[in-house]
Amino acid sequence: MNDLTDLGVKAIRDGVAAGTFSAREVAEAFNAAVAAASQLNAFIVTTPEHALAAADRVDAARAAGQPLGKMAGVPIGMKDLFATHGVQTTAASHILEGFKPQYESTVSQNLWNAGAGMLGKLNMDQFAMGSSNETSHFGNVISPWRRADGGNADLTPGGSSGGSAAVVSGRIAPAATGTDTGGSIRQPAALTGIAGIKPTYGRCSRWGVVAFASSLDQAGSMARDVTDCAIMLEAMAGFDPKDATSLDLPVPDWSTSLSPDMRGKRVGIPREYRVEGMDPVIDALWQQGVAWVKDAGAEVVEISLPHTSYALAAYYIIAPAEASSNLARYDGVRYGLRELPDGAGLQDMYAATRAAGFGDEVKRRILIGTYVLSAGFYDAYYNQAQKVRALIAHDFERAWGECDVILTPTAPNAAFALGEKLADPLAMYLNDVFTVPASLAGLPAMSVPAGLDASGLPLGLQVIGKPFDEQGVLDACLAIEHRAGFAARPEKWW
Amino acid sequence: MSIDRATVAKIASLARIRMSDDELDRMAPELSQILDWVEQLGEVDTAGVEPMTAVIPNHLRLREDIINANPLTGGGRRDAVLANAPAAEHGFFGVPKVIE
């Protein structure tokens with residue numbers, strides 16, 4: 001076995017269970033890949049000992065003839081938004097630098113209970129605010145992908161789960177956790193040629209996940225194919241009484257029920273997603289996706305989601321509003337950074353701590369949120385945005401009368417060069433145009449690799465499903481995956 | 001331009017974020033641009049629409065009325081609670097003097 005790092009979740013788990021290789025061999029191979037990939041800056045801290053200890057437990061359990069978990073022997077990357085006991089958790093911010101949680105997030109604990117181990121904490125956009133991984137206090141994550149034009153421009157892996165996307169596409173981890181507030185799993189997955197699913201809001205517990213916008217935040221899995229995402233999501237999901245919005249529903253066996261047969265299924269194509277000035281390459285990919293789902297037996301129907309064009313504006317009121325409230329907890333008193341200028345009182349300490357601890361994008365969103373929630377503006381901005389959000393959710397509800405899943409592009413463009421969009425915050429926000437509506441409606445949605453652009457960079461298609469119908473989303477993505485035959489991978493230069 | 005420098009300074013003060021003059025000069029046009037862009041929501045007819053309060057219908061639960069039913073979220077964890085405090089003293093969070 002030379003290239004254990006070429007294996008995905010299912011292949012590793014099944015190989016460990018069959019005794020083809022040991023979990024320790026797998027952990028050692030990925031620990032080595034992590035150590036060799038520091039140029040990508042994908043990890044904030046690495047935890048090789050955690051991966052080895054988990055692997056040893058799996059090998060011992062197998063030797064003792066005990067049953068093995070769904071993720072037994074699979075070492076993964078953990079986005080630095082998940083609290084991990086005794087391991088620094090920063091949300092890629094300065095204000096939480098050095099913070100070592102005294103507890104484990106429910107999602108990460110579920111993964112360890114299923115036999116997974118941790119390779120390290122993954123870099124990301126600061127507090128998950130960003131679409132290019134350029135807002136991290138710990139520096140940009142560099143995508144393993146490069147343009148085929150011979151240039152060596154450093155590209156974005158997307159964001160906010162940029163570290164997750166970089167390590168999975170670079171064969172540095174077989175899978176990684178992500179979180180998605182407006183597209184933070186799906187957009188980086190698309191930009192790096194991997195699969196990523198955001199389940200229905202409430203499937204994965206938010207307990208122990210650093211909060212950004214609580215009505216939108218949802219954890220999910222990122223891996224190289226649909227099956228691996230399904231297996232990992234099964235391990236992550238489940239009811240948690242510690243999260244008031246957790247869904248009290250059994251977790252289906254998505255991975256064993258997977259079927260690429262779409263006969264009898266209706267796939268909706270929303271006409272409002274054909275935005276003005278759409279890149280012809282993205283449009284062509286979308287048409288190819290339509291042909292693929294037809295080939296899988298689906299009936300394709302045009303649908304209308306009339307309030308789509310207002311989704312981004314509503315999102316950029318609601319998410320900053322919730323963020324301004326959630327991030328009020330960083331006060332320099334209970335955890336994280338404290339800045340105490342000479343002679344400063346309590347209020348000065350708060351202001352100095354938050355000035356030093358938050359990056360520009362985080363400050364921008366806290367200020368927007370504070371403004372739209374302030375006296376006199378609440379109705380015009382926040383309440384109106386929540387009404388528009390209700391209309392967007394209603395658009396989807398009506399669409400489900402005509403179709404079972406919805407097919408769209410994931411992102412309006414392929415990966416861009418680092419620095420290219422940073423000067424204009426608004427242009428960066430537009431990268432989430434296709435992913436935000438499903439977030440506002442709490443729907444399961446997934447990106448699946450579908451092709452390459454003229455520069456050899458990956459592009460993804462998005463499937464959106466009904467509430468609780470992760471199975472329908474995964475099945476449609478599997479049908480696309482079978483037909484796309486996406487085998488491209490970044491050439492190792494790091 | 002929907003908000004001026006003075007308004008940004010006021011919001012920053014409400015949000016307890018100290019800002020230099022340079023930062024205020026930089027942020028004011030950026031925030032204005034974003035707020036001008038979200039103004040488009042005013043076009044949407046929302047008469048009779050209830051603002052969304054829960055994205056997925058869910059009932060609110062009560063925890064069992066038992067002290068420390070879950071030790072992770074119960075009491076008696078003072079040291080763990082203080083473990084990351086920048087200035088814990090005598091079993092409390094330390095802060096600068098509040099009362100003159």
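How many helices and strands does chain B have? In this predicted model, chain B comes with three helices and two strands.

**View 1. The order of elements in chain B.** Start at the N terminus of chain B and follow the chain along: the elements run α-α-α-β-β. That makes up the set of three helices and two strands.

**View 2. The overall spread of chain B.** Here's the C-alpha trace of chain B, which spans about 50 × 45 × 25 Å along its principal axes. The radius of gyration of chain B is 23 Å, while a compact globule of 100 residues would come in near 13 Å. Buried residues account for 15% of the 100 residues in chain B. As for contacts in chain B with a separation of 6 or more, 32% of them link residues 24 or more positions apart.

**View 3. The two faces of strand 5 in chain A.** Zoom in on residues 195-198 of chain A, which form strand 5. A:Ala195 and A:Ile197 point one way, with A:Gly196 and A:Lys198 pointing the other way. That's the usual pattern, because side chains in a regular strand alternate between the two faces of the sheet. Buried or exposed, then, for these four residues of strand 5? All are buried, A:Lys198 included.

**View 4. The partners of strand 5 in chain A.** Strand 5 of chain A pairs with strand 6 (residues 218-223) in the antiparallel sense, over three bridges. Its pairing with strand 10 (residues 445-452) of chain A is antiparallel too, again over three bridges. Take A:Gly196 as your landmark: A:Met222 of strand 6 stands opposite A:Gly196, and so does A:Ser447 of strand 10.

How values were computed
Residues are numbered from 1 along each chain as its sequence is written. Chains are lettered from A and ligands numbered from 1 in the order in which they are written. This is a predicted model: local features need pLDDT of at least 70, side-chain atom pairs count only at pLDDT 80 or more; totals for chains, interfaces and linings use all residues. The radius of gyration is taken over C-alpha atoms; the globule rule is 2.2 Å times the number of residues to the power 0.38. A residue is buried if 20 or more other C-beta atoms lie within 10 Å of its own, exposed if 12 or fewer, and partly exposed in between; C-beta atoms are placed from the backbone. Two residues are in contact if their C-beta atoms, placed from the backbone, lie within 7 Å. Two strands pair if DSSP finds at least two bridges between them.
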